[in-house]
Amino acid sequence: DNFRRLMRWIVPLSAGLYGAFALLAPLLMPLLGEEYIPALPVIRVLCLYGFITALGGAFGPLYRTLRMLRAMLATKILALGLAALPGLALMRAAGPVGGAWTVNLVFALTVGATVGLVWPRLRRLAQDQRRAGTDR
């Protein structure tokens, strides 16, 4: 229940923060100097990375708490493996922007796998706690 409440805050706040930054970045970049403007497409794509890692960051401690470190390592290796070829193609086709999309892909796969592994375990633990509380 606590984790669900946490996610209810993290999702809209991080979406709002990184979404706002992606929208405001074109206005802010010229203030830094004209030489930074070419980085704008990469920065906007990496705003999605910020959102993904905000979600994934909440799951990281759960791996340790639930003693699932091997699963965490496996998800990271699997995500890198799955993203390698599409990532190379993206980088060849779109350069730095393709690299940014590759980073997003790796972390989206990692967070997706994390949710798939951790969420069912959290639900089982919550059900066990509810049963233990009602049996007393």
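How many residues apart in helix H3 are Arg-131 and Asp-128? The views below come from a predicted model, and the opening view takes up this question.

**View 1. Arg-131 and Asp-128 share a salt bridge in helix H3.** The two residues are 3 residues apart in helix H3, which covers residues 69-135, and this puts about one helical turn between them. Look for their side chains: they meet with 3.2 Å from N to O. The count of salt bridges comes to 1. Arg-131 is partly exposed, at 48% relative accessibility, and Asp-128 is partly exposed too, with a relative accessible area of 43%.

**View 2. Four arginines form a positive surface patch.** Here you can find Arg-4, Arg-5, Arg-8 and Arg-123. Helix H1, residues 2-32, supplies the largest share of this patch, with 3 residues. Take Arg-4 as your starting point: this residue sits in helix H1. Is Arg-4 buried or exposed, or something in between? Its relative accessible area is 38%, so Arg-4 counts as partly exposed.

**View 3. A nonpolar patch lies on the surface.** Five residues make up this patch: Phe-21, Leu-24, Leu-27, Leu-28 and Leu-31. Together they have about 520 Å² of accessible area. Leu-28, one of them, belongs to helix H1. With 39% relative accessibility, Leu-28 counts as partly exposed.

**View 4. Helix H1 has a kink at Ala-25.** Follow H1 along its residues until you reach Ala-25, where the helix bends by about 55°. Shortly after this kink comes a proline, Pro-26. Ala-25 is also one of the buried residues of H1. The others to look for are Phe-3, Met-7, Ile-10, Ser-14, Ala-22 and Met-29. What comes just after H1? There you meet Gly-33, which takes a positive phi of about 135°.

**View 5. Pro-41 and Arg-64 are separated by 36 Å.** This value runs between the C-alpha atoms of the two residues. Along the chain, Pro-41 and Arg-64 are 23 residues apart. Pro-41 is part of helix H2, which covers residues 40-65. How exposed is Pro-41, and what is its relative accessible area? The value is 40%, so Pro-41 is partly exposed.

How values were computed: Residues numbered from 1 in each chain as written. Predicted model: local features only at pLDDT ≥ 70, side-chain atom pairs only at ≥ 80, totals over all residues. Heavy atoms only, no water. Patch = residues over 30% accessible without salt bridge, like charges linked within 9 Å, V, L, I, M, F, W, Y side chains within 5 Å. Areas by Shrake-Rupley, 256 points an atom, 1.4 Å probe, with all protein chains shown as cover. Lys, Arg positive; Asp, Glu negative; His and termini not counted. Charge placed at Lys NZ, Arg CZ, Asp CG, Glu CD. Helix = DSSP H or I, 4+ residues; strand = E, 2+ residues; numbered from the N terminus. Buried < 20%, exposed > 50% of the residue type's maximum accessible area, 1.4 Å probe, protein only. Bend = angle between axes of the 7 residues up to and from the residue.
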